[in-house]
Amino acid sequence: MDFKVNRAEDNRIFVETESFRRLIEELEELKGSRGNILHVIGAPGTGKSSNIYHGIRKLGMNVYEVPCNLETVEVTAEEVFRSILEDVKSELGVDSAADVYRRFAEFDAVLFADRFHDSHDFSDSMGFSQWTLGAGGEALKFYLKCIREYLRYRSVFRDMNIIFQTAWRLRFRGKKHDIFTDIHVISPLLCHLLMVPFRAVKIDYTRQETLSIIRAHMDCADANEIQGYIDLYGCRPRLILEKIKC
């Protein structure tokens, strides 16, 4: 069974946690203001997407989710940026980048989540996260391009809110590690640094919250078995749900 949430309609079961309550507070601030950038961070398997989609639906937020539909990962940073912009222009029915950003300002927030990062999980297109795995220096060029675009249109960007589902993953010894959650000492420091220029919420759980989430999805699961998986994988409900067999 696939427990990954890639879109709002996948979120059939949801358990509210302390992390979710912190996220709701931030989303409420966004809904009533402009010029905010919110990063939602968390280890793989903690349900960042699930929390985001449940939060925006609960608050009735009018959110535009940015797509990334690459035909191949063998493209440059400039080509990735152009592809994303063209897709958005087509969806919003506008002709220029300036018009795109003005339309963005009409929404409560612009969301960069699974439709942007992980479109390869539910379509034939390549998502941004898949591109970055082999992009090397091109990924840095892409981020620099985004910064230049922000500076060029900064007066318009002040009128919009942006939500990033943020995960920067490095591959080490065959495993992917998230720099904001998986690296001892360094990850907490990076989280605090991220909160200086931006708003940020970290999705993480207590053992009891993890147990509650898993039992809500799979009530046949044995509590002792779940605790054993928590010892092995940490408080990452989706990873544990994928391991349990009832």
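Where is I244 placed relative to α12 (237-243)? Select I244 and you land in the segment after that helix. Keep in mind as you click around that this is a predicted model.

**Stop 1: the segment after α12**

With I244 still selected, check its surface. I244 has a relative accessible area of 5%, so it is buried, the cut-off for that being under 20%. Now add A221 to the selection and draw a C-alpha to C-alpha distance. You should get 7.1 Å, although I244 and A221 are 23 residues apart in sequence.

**Stop 2: helix α11**

Next, pick D231, which sits in helix α11 (residues 223-233). Buried or exposed, what is D231? D231 comes out as exposed, because its relative accessibility is 57% and the line is drawn at over 50%. For a partner to compare in space, select R207: the C-alpha atoms of D231 and R207 are 9.5 Å apart, with their positions 24 residues apart in sequence.

**Stop 3: the second largest pocket**

Switch on a surface or pocket display if your viewer has one. Rolling a probe the size of a water molecule over the atoms shows where empty space is left. The second largest pocket has a volume of about 200 Å³. To centre your view on this pocket, select A43, T181, K202, D204 and R236, which are the closest to its centre among the 14 residues that line it. Colour the lining by class and you will see 6 nonpolar, 4 polar and 4 charged residues.

**Stop 4: helix α7 and its two themes**

Now go to helix α7, which covers residues 137-152. Start with the greasy part: select L140, L144, I147, Y150 and L151. Together they make a nonpolar surface patch of about 470 Å². Zoom in on I147, which belongs to α7 and is partly exposed, with a relative accessible area of 47%.

Then look for charge in α7. Show the side chains of E138 and K141, which meet in a salt bridge of 3.1 Å, N to O. Both residues lie in α7, 3 residues apart, or about one turn of the helix. How exposed are they? E138 is partly exposed at 22% relative accessible area, and K141 is partly exposed too, at 48%.

**Stop 5: more salt bridges**

Side chains of opposite charge can pair when their charged atoms come close. The structure holds 12 salt bridges, and a few are worth a click.

Go to helix α1 (residues 18-31), where R21 and E18 sit 3 residues apart, about one turn of the helix. Their side chains meet in a salt bridge, with N to O at 3.4 Å. R21 counts as partly exposed at 41% relative accessibility, and E18 is partly exposed as well, with 39% relative accessible area.

While you have salt bridges on display, select E26, E29 and R199. What links these residues? The three are joined in a network of salt bridges.

**Stop 6: from α4 to the loop before β4**

For the last stop, select R103 in helix α4 (residues 97-104). R103 forms a salt bridge with E106, and the closest N and O atoms are 3.0 Å apart. Compare the two partners: R103 is partly exposed at 24% relative accessibility, while E106 is exposed, with a relative accessible area of 52%.

From here you can reach across the sequence twice. Add M160 and draw a line from the C-alpha of R103: the separation is 9.2 Å, for residues 57 positions apart along the chain. Then select D159, found in the loop between α8 (154-157) and β4 (162-166). How far apart in space are the C-alpha atoms of D159 and E106? They are 8.5 Å apart, and 53 residues separate D159 from E106 in sequence. D159 counts as partly exposed, with 43% relative accessibility.

To finish, keep R103, E106, D159 and M160 on screen together. This view takes in the R103 to E106 salt bridge, the C-alpha pair of D159 and E106, and the C-alpha pair of R103 and M160.

Key: Residues numbered from 1 in each chain as written. Predicted model: local features only at pLDDT ≥ 70, side-chain atom pairs only at ≥ 80, totals over all residues. Heavy atoms only, no water. 1 Å grid on protein atoms, 1.4 Å probe; cavity = no way out; pocket = protein on both sides within 12 Å on 5 of 7 lines; lining within 4 Å. Points joined across faces, edges and corners; volume = space filled by probe spheres on them. Nonpolar A, V, L, I, M, F, W, Y, C, P; charged D, E, K, R; others polar. Patch = residues over 30% accessible without salt bridge, like charges linked within 9 Å, V, L, I, M, F, W, Y side chains within 5 Å. Areas by Shrake-Rupley, 256 points an atom, 1.4 Å probe, with all protein chains shown as cover. Salt bridge = Lys/Arg side-chain N within 4 Å of Asp/Glu carboxyl O. Helix = DSSP H or I, 4+ residues; strand = E, 2+ residues; numbered from the N terminus. Buried < 20%, exposed > 50% of the residue type's maximum accessible area, 1.4 Å probe, protein only.
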